[in-house]
Amino acid sequence: MAAGFRQAFQEKDFVVTAEIGPPKGTDISEMIAHVDLLKDKVDGLNVTDNQSSVMRISSLAVCRLILDRGGEPILQLTCRDRNRLALQSELLSAWVLSTKSVLCLTGDYVSVGDHPQAKPVFDLDSVQLLQTVGLLNDGKDLAGNELQGSTDFFPGAVVTPEADPIEPQMLKFEKKIAAGAQFFQTQAIYDLGNFKRFMDQTRRHEVKIMAGIVLLVSAGMARYMNKNVPGIFVPDELIQEMAAAEKGKRVEAGIRIAGRMIRQLREEKLCNGVHIMAIGKEGRVPDILEAAQ
Amino acid sequence: MIVAERKPLDQIDAMIQGFDKILVVGCGTCVAVCMAGGEKEVELLAAGLRMKGKLENKQRTIDEITVTRQCDKEYLDPLAKYVDDYDAIISMACGAGVQFLAERYDEKIVLPALNTLFIGVAEGTGIWSQRCTACSDCILDQTGGICPMTICAKNLLNGPCGGTDHGKCEVDGEKDCAWTLIYNKLKKIGRLDYLAKIQPPKDYSLMTKPGKYTHEAFKEAKQQEE
Ligand code: SF4
Ligand code: SF4
């Protein structure tokens, strides 16, 4: 089993995490199969929090299931569904259930999900949530009350290297560091030239940065993301490479691209690791890791 | 000002089923400006309801009156001489005005004809947009006069989410991202340093409903009386 996500950065030059999406419903067999497949191959498994505002099993419950199976979970926590009481309570609960890493996110808006009529919360934002984690680590809550036993979380956050405009994104990135973020997982990147320029701006900070890798499964998916997903840019060459793959071999082409990118990021020491999101194709993550060798 | 829109005619018609004599009361301030509940709109609604009544062979009397404001008692009092003649009153004010009218004439059935939308401005002819959510602790001094509590769908106080798309908001691609606007404005006025400060969580206790406010001058006067 992984030695712990925080320790992984001490022990390795290149840390790898993957993503587990809790299911909608109580049949967890497929998810558990993915956990078992991946837990010894990566340094941490992010568990999404009602991803894309779609109601599912909670991140915390799945973190505990991962621990039970010998994996290392990273709790994703968004500001969309919980006010400051619920967020802090969730964090304390995560700690006593042995989840030690937390990724603080704003969360998608409710309108993109399957309960668009829900009341969006956003009582705190991601910067304030990071500060809250810091307070709990210091034995205090957000209202200044002493805790009976503190936490010792390894707090992280996200950043979008391809954000347009980039300046406000970088200002927020710096606020997140000031608020205590120690590691970052980025939104999916595909253009390593752009990513290098982003990394150059981050060098002066003592934080660990993991590049986001989203598995391409078709040229259509790449074009769709370019058009519809904010902060994702797939360069033309990669779209061509995907389009050139024959039918039935497209996922293979995506795996080859992801593996190549990971290898380059690692060999050129461009960042501290990668976070692999193989949305719906979690079973192929080992193939991506193989291709990255 | 308060921006509102009129409910569909059918919905208002359904509310008045069973009533024969109806008074439609307009409001001459905010909702008159946004063309939802002023004198003209009263006229239109009354005509529509009369027409509907006629088509359904109903005995219906619909009368019209518009007051300066329904959120001020002094403008509601003069209605006293009319209201007794009616089975129901339709208010074309914002939600606050409807309630004040219902409170003033508390034996009457008072029905809302509008959906109250927001506090906003006239952006162009016939277009209004929300600008303030009345958070009770204005921070516009630090955000270049652009309200993150309102213009940002997630009321983020410390910068944009990952959803900014070419300066537009992920929630509605037609709308500008508040944080792109704030950044550009502060850059323009040379005050980007404002953005380095981490804004603390908002104090929602200030927004505990229902809000109530007594002007200082009147507080003193009241104390002297006592
Ligand atoms: S900060 Fe925004 S919501 Fe609060 S009072 Fe000012 S304009 Fe209104
Ligand atoms: S895109 Fe901009 S305005 Fe929309 S929710 Fe995100 S930060 Fe707020």
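**Notes on a predicted two-chain model**

1. Let's begin in chain A, where helix 2 (residues 29-38) contains Ala33(A). Please keep in mind as you read that this is a predicted model. Is Ala33(A) buried, exposed or partly exposed? Its relative accessible area is 42%, and a residue counts as partly exposed when its value falls between 20% and 50%, so Ala33(A) is partly exposed. You can also try a distance in your viewer: Ala33(A) and Ala188(A) are 155 residues apart along the chain, and their C-alpha atoms are separated by 25 Å.

2. Now for the aromatic rings. How many aromatic pairs does a search of the whole structure find? Over all chains, the search gives ten. A good one to look at is Phe5(A) with Phe154(A): the ring centres are 5.6 Å apart and the planes meet at 65°, so this pair is edge-to-face. The cut-off behind that name is an angle over 60 degrees. Phe5(A) belongs to helix 1 (residues 5-11) of chain A and Phe154(A) to strand 5 (residues 154-159) of chain A, so the pair ties together parts that are 149 residues apart in sequence.

3. Stay with those two rings for a moment. Both Phe5(A) and Phe154(A) are buried. They also have company, as ring pairs link Phe5(A), Phe9(A), Phe154(A) and Phe183(A) into a cluster. Try showing these four side chains together on your screen.

4. Rings can also have a charge sitting over them, and each chain offers an example to find. In chain A, look at Trp95(A): the charged end of Lys100(A) sits over its ring, 5.6 Å from the centre. In chain B, the ring is that of Tyr86(B), and Lys21(B) lies over its face at 5.4 Å from the ring centre.

5. Next, two helices of chain A. Helix 8 (residues 219-228) and helix 9 (residues 236-244) of chain A pack with their axes 8 Å apart, at an angle of about 150°. This angle makes helix 8 of chain A roughly antiparallel to helix 9 of chain A. Which residues make the contact? Helix 8 of chain A brings Ala219(A), Ala222(A), Arg223(A) and Asn226(A), while helix 9 of chain A brings Ile239(A), Met242(A) and Ala243(A). By type, the residues of this contact divide into five nonpolar, one polar and one charged.

6. Here is a threonine to look up in chain A. Thr48(A) lies in the loop between strand 2 (44-47) and helix 3 (59-68) of chain A. With a relative accessible area of 2%, Thr48(A) is buried. What does Thr48(A) touch, not counting residues up to four places away in sequence? Its contacts are Glu19(A), Ile20(A), Gly21(A), Pro22(A), Ser59(A) and Gln76(A).

7. Chain B has a threonine worth a visit too. Thr164(B) lies in the loop between helix 7 (148-151) and helix 8 (178-188) of chain B, and its relative accessible area of 7% makes it buried. Leaving aside neighbours within four places in sequence, Thr164(B) is in contact with Asp164(A), Pro165(A) and Pro230(A) from chain A, along with Cys177(B) and Thr180(B) from chain B.

8. For contrast, turn to Thr125(B). Thr125(B) is in the loop between strand 6 (114-124) and strand 7 of chain B, and at 85% relative accessibility it counts as exposed. Thr125(B) and Cys34(B) are 91 residues apart in sequence, with a C-alpha to C-alpha distance of 9.7 Å.

9. Now check the backbone before proline. Which residue does a cis peptide bond join to Pro165(A)? The partner is Asp164(A), and omega is about 0°. Pro165(A) is in the loop between strand 5 and helix 6 (166-178) of chain A. In chain B, Lys209(B) and Pro210(B) are joined by a cis peptide bond with omega of about -5°. Pro210(B) lies in the loop between helix 8 and helix 9 (216-225) of chain B.

10. Finally, two phi angles to inspect. Ala134(B) is a residue other than glycine with a positive phi, near 55°. It sits in the loop between strand 7 (127-132) and helix 7 of chain B, and it counts as partly exposed at 44% relative accessibility. Ser136(B) has a positive phi near 70°, again in a residue other than glycine, and its place is the loop between strand 7 and helix 7 of chain B.

Notes. Residues numbered from 1 in each chain as written. Chains lettered and ligands numbered in written order. Predicted model: local features only at pLDDT ≥ 70, side-chain atom pairs only at ≥ 80, totals over all residues. Heavy atoms only, no water. Phe/Tyr/Trp six-rings, centres within 6.5 Å; stacked < 30°, edge-to-face > 60°. Helix = DSSP H or I, 4+ residues; strand = E, 2+ residues; numbered from the N terminus. Buried < 20%, exposed > 50% of the residue type's maximum accessible area, 1.4 Å probe, protein only. Lys NZ or Arg CZ within 6 Å of the ring centre and 35° of its normal. Axes fitted to C-alpha atoms, helices over the stretch in contact; angles between N-to-C directions. Parallel < 35°, antiparallel > 145°, perpendicular 65-115°, else oblique. Contact = heavy atoms within 4.5 Å. Nonpolar A, V, L, I, M, F, W, Y, C, P; charged D, E, K, R; others polar.
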